[in-house]
Amino acid sequence: MNRMKGRFIAFEGIDGSGKSTQINLLKKRIEQCQAPCYETLEPSTGPIGSLLRQYLSGRMKADERTLAALFAADRLDHLLNETDGICPKLESGIHVICDRYLLSSYAYQSVRVPLDWVMQLNAAAADTLHPDCHIFIDVAPDITLERMAKERFHKDLFETKERLTEVRNRYLELIDRLREQETIILIDGNQSMEQVSDDIWNRTKHFFL
Ligand code: TMP
């Protein structure tokens, strides 16, 4: 458990794995328990997050080390900023669900930048807040790419089969490596939306009931 009054749940998965649908469903279930819940995402909607979205869409280009540093800076601002930071919300007793957190940087950036370096960049965020649990929704890249092709025309920077395959492998390696220190729940994302939602609730409801 983190030391704050609210619980902090981080959702993880490759692009198109269905995180946002599942976050909405989990938020509804938490609110049905009469508990306040705030949903947020990374890259954040703050200034560094907006800059990152421009790189992800291909409108601007940068070396992947620069992107790794920006993701880490965005995360720290997302935790600490006074307007809508995650930590002030948790301290006031609001539960927070975040679409992506530390493991996204570890999995995506370590494809091009050494993992130790990515971890060092994120040390301030990791020292500040560990999720009560990370939920990794596992779906094969072929399936998520097909889903995304049906839903939209453009592709973001990392949305290629090669990159997403490497990212998924890294997520699976990280789950193995961090098993002792972190609570990471692996969910089979190939099931129906309702089944995935039930699985997530069964593994997390003890935080809220
Ligand atoms: P999303 O809005 O679909 O989750 O896309 C955000 C993209 O940014 C996705 O390709 C993953 C990537 N990303 C990283 O590479 N590192 C990070 O730390 C975060 C938060 C996102």
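1. Let me start with the Asp99–Lys19 salt bridge, where N and O come to 2.6 Å in this predicted model. Asp99 belongs to strand 3 and Lys19 to helix 1, so the bridge spans 80 residues of sequence and links distant parts of the chain. Both ends are out of the solvent by the numbers: Asp99 counts as buried at 12% relative accessibility, and Lys19 counts as buried at 10%.

2. Next door in sequence to Asp99 there is Arg100, which meets Asp15 in a salt bridge at 3.8 Å, N to O. Asp15 sits in the loop between strand 1 (8–12) and helix 1 (19–32), and Arg100 in the loop between strand 3 (95–99) and helix 5 (102–109), with 85 residues separating them. Asp15 is buried, its relative accessible area being 14%, and Arg100 is buried too, at 12%.

3. Arg75 is worth a look as well. Its salt bridge partner is Glu42, with the closest N and O atoms 2.7 Å apart. Here helix 3 (residues 64–80) supplies Arg75, while Glu42 comes from the loop between strand 2 (37–41) and helix 2 (47–57), 33 residues away in sequence. Arg75 counts as buried at 2% relative accessibility, and Glu42 at 6%. The charged end of Arg75 also sits over the ring of Tyr101, 5.8 Å from the ring centre. For the tally, the structure has 13 salt bridges.

4. What does Tyr101 do besides sitting under Arg75? Tyr101 forms an edge-to-face aromatic pair with Phe8, at 5.0 Å centre to centre and 90° between the planes. Phe8 lies in strand 1 and Tyr101 in the loop between strand 3 and helix 5, so this pair ties together parts 93 residues apart in sequence. Both rings are buried.

5. On to the other aromatics; there are six aromatic pairs in the structure. Tyr108, Phe136, Phe158 and Tyr171 are linked into a cluster by ring pairs. Within it, Tyr108 and Phe158 have ring centres 5.7 Å apart and planes at 45°, so that pair is tilted. Tyr108 is in helix 5, and Phe158 is in the loop between helix 8 (141–151) and helix 9 (161–177), 50 residues apart. Tyr108 is buried at 5% relative accessibility, and Phe158 is buried at 6%.

6. Now the nonpolar packing. The largest core has 40 residues, and the members touching the most others are Phe8, Ile86, Tyr101, Tyr106, Leu129 and Tyr171. Setting aside neighbours within four places in sequence, the contacts of Tyr171 include Arg100, Leu103, Tyr108 and Phe136. A separate core of 19 residues lies apart from the largest one, with Ile30, Ala35, Val139 and Ile185 among its members.

7. One more charge-over-ring case: Lys89 lies over the face of Tyr38, at 4.4 Å from the ring centre.

8. Why are Cys33 and Cys37 not bonded to each other? The sulfur of Cys33 is 10 Å from that of Cys37, its closest cysteine sulfur, which is too far for a bond. Looking from the other side, Cys37 is in no disulfide either, its nearest cysteine sulfur being that of Cys33. The disulfide count for the structure is zero. The two cysteines fall into separate exposure classes: Cys33 is partly exposed, with a relative accessible area of 24%, whereas Cys37 counts as buried at 11%.

Technical notes. Residues are numbered from 1 along each chain as its sequence is written. This is a predicted model: local features need pLDDT of at least 70, side-chain atom pairs count only at pLDDT 80 or more; totals for chains, interfaces and linings use all residues. Side-chain values use heavy atoms; hydrogens and water are left out. A disulfide is a pair of cysteine sulfur atoms within 2.5 Å. Buried means under 20% relative accessible area, exposed over 50%, partly exposed in between (1.4 Å probe, protein chains only). A salt bridge is a side-chain nitrogen of Lys or Arg within 4 Å of a carboxyl oxygen of Asp or Glu. Helices (H or I, at least four residues) and strands (E, at least two) are DSSP runs, numbered from the N terminus. A nonpolar core is a set of buried Ala, Val, Leu, Ile, Met, Phe, Trp, Tyr and Cys residues joined through side-chain atoms within 4.5 Å. Contact means heavy atoms within 4.5 Å. Rings of Phe, Tyr and Trp (its six-membered ring) pair if their centres lie within 6.5 Å; planes under 30 degrees apart count as stacked, over 60 as edge-to-face and the rest as tilted. A charge sits over a ring if NZ of Lys or CZ of Arg is within 6 Å of the ring centre and within 35 degrees of the ring normal.
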